[in-house]
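Colleague: I am new to this structure and would like to go through it slowly, one question at a time. Could you show it to me before we start?

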Amino acid sequence: THEFWSEFSAALESDENPPLLVGEAGAELDIAATYFGQESAKEMGMVFDFDGASAMLQSTLSEKTTPLRQAWCKRWAQSVPWGTWGTFLSNHDQDRVATVMQGEPPRRLKTAAALLLLSPGTPWIYYGEEIGATNGNSWGDMGRREPMHWNPGNSEFSAAEPWTGSEDQPAYASV
């Protein structure tokens, strides 16, 4: 895998405007960091930090800094000059932050958002998190991937029929 990404990255670097390669290696930081490659054989320009995402949620829910401090120290130790970390709270494969924090005081959701935007790295926001969207009523992955609810009470953004979840309106966290 690493040989492929190194060759692929090198081929793209010869372009006048090379694209950014982003790695979604859903693994512990020690493994994810290997996808930056080596200075002589670079791979990804950005890699998502799953440990950091988990630590932000743990610290927010527990109101303790230890999980996040430990994750950030580990991240700094694994950082490279040619790449950066992608910082996020959740993605399409995980429960939305507002779902995880249902029943918690609204300040915790605000704290998680602040940590995301103020953390080292490049913040990524999974659609709907910016308005406190929870998982929809559909089961599993489908509930995490329902269409964006652009207006209160409906998911209409266009005249097209939503691919799923149009009648299963998710709740929005009160922030």
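Modeller: Let us begin with Arg145, which has a relative accessibility of 28% and therefore counts as partly exposed. Please keep in mind that this is a predicted model.

Colleague: With which residue does the side chain of Arg145 meet in a salt bridge?

Modeller: The separation between the side chains, taken from N to O, is 3.1 Å, and a salt bridge requires a distance within 4 Å. The partner is partly exposed, with a relative accessible area of 40%. The residue that meets Arg145 in this salt bridge is Asp93.

Colleague: How many residues apart in sequence are the parts that this pair ties together?

Modeller: Arg145 lies in the segment after α7, which covers 140-144, whereas Asp93 lies in the loop between β5 (84-87) and α5 (97-100). Because the two residues sit in these separate places, the pair ties together parts whose distance in sequence, in residues, is 52.

Colleague: Which residues are linked with Arg145 and Asp93 in a network of salt bridges?

Modeller: The pair of Arg145 and Asp93 is itself a salt bridge, and it belongs to a network of such bridges. Besides these two, the residues linked in the network are Asp95, Asp141 and Arg144.

Colleague: Is Ser90, in the loop between β5 and α5, buried or exposed?

Modeller: Leaving aside neighbours within four places in sequence, Ser90 is in contact with Asp95, Arg96, Val97, Tyr126 and Glu129. The relative accessible area of Ser90 is 3%, and the cut-off for the lower class is under 20%. Ser90 is therefore buried.

Colleague: Which helix holds the residue that pairs with Glu63 in a salt bridge that links distant parts of the chain?

Modeller: The side chains of Glu63 and Arg107 meet at 2.6 Å, N to O, in a salt bridge. The two residues are 44 residues apart, with Glu63 in the loop between α3 (50-62) and α4, and Arg107 in helix α6. Glu63 is partly exposed at 46% relative accessible area, and Arg107 is partly exposed at 45%. The helix that holds Arg107, residues 106-118, is α6.

Colleague: At about what angle do α3 and α6 pack?

Modeller: Two packed helices are described by the angle between their axes and by the distance between those axes. For α3 and α6 the axes are 9 Å apart, and the crossing is right-handed. The contact is made by Met56, Thr60 and Leu61 of α3 together with Arg108, Thr111, Ala112, Leu115 and Leu116 of α6. The angle at which α3 and α6 pack is about 145°.

Colleague: How many residues does the largest nonpolar core have?

Modeller: In soluble globular proteins, nonpolar side chains tend to be buried together. Here the residues with the most contacts inside the largest core are Leu57, Leu68, Leu89, Val97, Met101, Leu109 and Ala112, and α3, α4, α5 and α6 each supply at least two residues of this core. Apart from it lies another core, of 11 residues, among them Ala33, Phe36, Val80 and Trp85. The number of residues in the largest nonpolar core is 13.

Colleague: Which residue meets Lys74 in a salt bridge?

Modeller: Lys74 lies in helix α4, residues 66-78, and its partner lies in helix α2, residues 29-32, 44 residues apart. The distance, N to O, is 3.8 Å, and the partner counts as partly exposed at 40% relative accessibility. The residue that meets Lys74 is Asp30.

Conventions: Residues numbered from 1 in each chain as written. Predicted model: local features only at pLDDT ≥ 70, side-chain atom pairs only at ≥ 80, totals over all residues. Heavy atoms only, no water. Helix = DSSP H or I, 4+ residues; strand = E, 2+ residues; numbered from the N terminus. Buried < 20%, exposed > 50% of the residue type's maximum accessible area, 1.4 Å probe, protein only. Axes fitted to C-alpha atoms, helices over the stretch in contact; angles between N-to-C directions. Left-handed = near helix turned anticlockwise from the far one by under 90°. Contact = heavy atoms within 4.5 Å. Core = buried A, V, L, I, M, F, W, Y, C linked by side-chain atoms within 4.5 Å.
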